[in-house]
Amino acid sequence: MNFNKIFALGLRHLYLIKNSFPRVLDLIYWPTVQIFLWGFISKFFTLNSAYYNNTVGIILTAAILYDFLFRASISFNMMFLEEIWSRNFTNLFIAPIKISEIIAALTLTAILRTLIGLIPAVLIAIPLFGVSVIELGVPLIFLLIGLYLFGVTLGLFVTSGLLRYGPSFENIAWASLFFLAPLGCIYYPIEILPNFLQLVAKALPLVHIFEEMRNILMTETVNYFNIFKSIFISAIYFILGVIVFYISYFGAKKRGTLINMGE
Amino acid sequence: MFIKIKNLTKKYNTHLAVNKINFEIEKNKTVGLLGPNGCGKTTTIGMILGLVTPTEGEIKIDNKSLNTYLRDEILKRFNFASPYVELPKKLTVKQNLEIYGRLYGVLDLDKRINEISNDLEIKNFFERKTGELSSGQKNRVSLAKSLINKPEILLLDEPTASLDPDIGDFIRSYIQDYKLKNKVTILLASHNMGEVERLCDTVIMMKKGKIVDAGTCNDLIEKHGRNNLEETFLKLARSKDEF
């Protein structure tokens, strides 16, 4: 892999953010709204729910982590869609850059977009609701790695769809995360799900991440096995995502969609 | 032969976009690819650029099959410009050239950007966003991007389409001058017959995915008993027969 080329592609997206203040506002706006919404819901539950009454901020922490996953995935998709919207697709795919370098550039740059949006929201949550995700301590880093890897993986599946079906697949890009959210057990324990759905949910990394988040906040103990299991599952999906992306790329070359991909 | 196209075919489901075409391009020559809309020019260019997988046939560059080259190894020798393919609109001209210069691994990039910007007279709108430029300005920026790496093989798809005569002439003069000063093999798809006569050493005429004739402009005009290339083109495009 050539780091300069990965950097060049990353730079393209950094310039895009730098050149447009509304774009920065857009990145910050939605996570902040989420924090406000879930902050008040969380406060209400804390005061009125026996389950949550001793663990201030579980819902808000879950909301922040879920938003991190959501932003990671959407950032990945958005950067790919930007190439389609700007009709730059052909230029990108005839540049001497390996497909693996394109994936690496999107993966690495998505983290920046995600953090630009999320850091202000996380900071707002501290004085406003007295909740700080940093209280999760060192395990937070591993939880975020698992979430990020899975978020990027979903991005890979969606961009594969864009390669396969063209811009008409765009709506799926926005809806992709909502398909999995009910199975992710973000705000409730896995036991709420019917038995057969519990089996499906366990095959996803989200359940393990959010169950462990709740465990840390409620019992102040850490089960690293669960955390690493979630990272391992995410890594498997990521590899699968990369394979699907390559298949879609070669499929797009066969169908000739790379040469006239546009709005 | 520098570029050798052998039995190149592309079939999309039942539609035969390119049908067993054969042609060769000598090093540092300019070849025009002519034909009515939908005759397979863009698909042919797409296959040479590696964007479209041929159904059959072979493309050889320097006597080596395109498939045997590593993607980044061969693509750094190519470049492409088309008014139908744009650069990121929200980035400035300078930012776009910087990014593509980096992607193509151009050494001494600042110098190269400076050089090409002066030549193509794009310096005065260097800091403007590409999406805010006029068609003529965009075309010059697109051409600058396509020459940033001093490509050995340059593919141009209607480089002067929708330009006013003045800017169109500027682009043609620039390409003509660039050819004299640099070693470059050009495949030019165009509907502007004057442009083709001015820039191309030989011409390939395509129709319905097939090559219907090829030769120098003068040879083709003479062979078909017409006064100029435009009349020759019309004769071939409207004819039901193959030549």
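A crossing of two helices is called right-handed if the near helix is turned clockwise from the far one by less than a right angle, and left-handed if the turn is anticlockwise. Keep that handy for the second exercise; also keep in mind that this is a predicted model.

**Exercise 1. Sketch chain A from its elements and its overall dimensions.**

Start with the count: chain A comes to 10 helices and zero strands. Reading along the sequence, you get α-α-α-α-α-α-α-α-α-α.

Next, take the dimensions. Along the principal axes, the C-alpha atoms of chain A fill a box of roughly 60 × 45 × 30 Å. Now try the globule check: for 263 residues a compact globule would have a radius of gyration near 18 Å, and the 19 Å of chain A agrees with that.

**Exercise 2. Describe how H2(A) and H5(A) pack, and work out which class of residue leads in their contact.**

First the geometry. Helix H2 (residues 21–48) of chain A packs against helix H5 (residues 99–129) of chain A at an angle of about 35°, and their axes are 8 Å apart. As for the hand, H2(A) passes H5(A) in a right-handed crossing.

Then look at who touches whom. From H2(A), the contact residues include Val24(A), Leu27(A), Ile28(A), Trp30(A) and Ile35(A). From H5(A), they include Ile116(A), Leu118(A), Ala121(A), Ile124(A) and Phe129(A).

Finally, sort by class: the contact has 14 nonpolar, five polar and two charged residues. Gly39(A) of H2(A) and Gly117(A) of H5(A) also take part, and Gly counts as polar in this tally.

**Exercise 3. Find out which elements of chain A face chain B.**

Begin with the totals: 25 residues from chain A and 29 residues from chain B make the contact. On the chain A side, the elements giving two or more residues are helix H1 (3–18), helix H4 (89–94) and helix H10 (224–255).

Which of these gives the most? That's H1(A), with seven residues.

To finish, split the chain A side by class: 11 residues are nonpolar, eight polar and six charged.

**Exercise 4. Do the same overview for chain B, then split the chain into domains.**

Chain B has nine helices and 10 strands. Its radius of gyration is 18 Å, close to the 18 Å from the globule rule for 243 residues, so chain B is as compact as a globular protein of that length. The C-alpha atoms of chain B fill a box of roughly 50 × 40 × 35 Å along the principal axes.

Now for the domains. Domain 1 of chain B covers 1–77 + 182–243, and domain 2 covers 82–151. Their C-alpha centres lie 27 Å apart. Four residues of domain 1 and five residues of domain 2 make the contact between them. The domain 1 side consists of one nonpolar, one polar and two charged residues.

**Exercise 5. Build the four-stranded sheet of chain B, strand by strand.**

1. Set out the order: this open sheet runs S2-S1-S4-S5 (chain B), with antiparallel pairing.
2. Join S1(B) to S2(B) by seven bridges. Here Lys4(B) stands opposite Glu24(B).
3. Add strand S4 (residues 56–61) of chain B, held to strand S1 (residues 3–12) of chain B by five bridges. Ile5(B) is opposite Ile59(B) in this pair.
4. Attach strand S5 (residues 64–65) of chain B to S4(B) with two bridges. Lys60(B) has Ser65(B) as its bridge partner. The hairpin of S4(B) and S5(B) has two residues between the strands, and Asp62(B) takes a positive phi near 55° there.
5. Check the edges: strand S2 (15–25) and S5 of chain B each have a single partner strand, so one side of each is left without a neighbour in the sheet.

**Exercise 6. Place the six-stranded sheet of chain B and the helix that packs on it.**

1. Lay out the strands: the open sheet has the order S6-S7-S8-S3-S9-S10 (chain B), and the pairing is mixed.
2. Mark the edges, which are strand S6 (78–81) and strand S10 (210–215) of chain B.
3. Add the turn: neighbouring strands make 15° with each other on average, direction ignored.
4. Put the helix on: helix H9 (residues 229–238) of chain B touches strand S3 (30–34), strand S9 (202–207) and S10 of chain B. The direction of H9(B) makes about 30° with that of S9(B).
5. Zoom in on one pair: strand S7 (residues 153–157) and strand S8 (residues 185–189) of chain B pair in the parallel sense over five bridges. Within this pair, Leu156(B) stands opposite Leu188(B).

Terms used. Residues are numbered from 1 along each chain as its sequence is written. Chains are lettered from A and ligands numbered from 1 in the order in which they are written. This is a predicted model: local features need pLDDT of at least 70, side-chain atom pairs count only at pLDDT 80 or more; totals for chains, interfaces and linings use all residues. Axes are lines fitted to C-alpha atoms, for helices over the stretch in contact, and angles run from 0 to 180 degrees between N-to-C directions. Two residues are in contact if their C-beta atoms, placed from the backbone, lie within 7 Å. Domain bounds come from an automatic or database domain assignment. Two strands pair if DSSP finds at least two bridges between them. The radius of gyration is taken over C-alpha atoms; the globule rule is 2.2 Å times the number of residues to the power 0.38.
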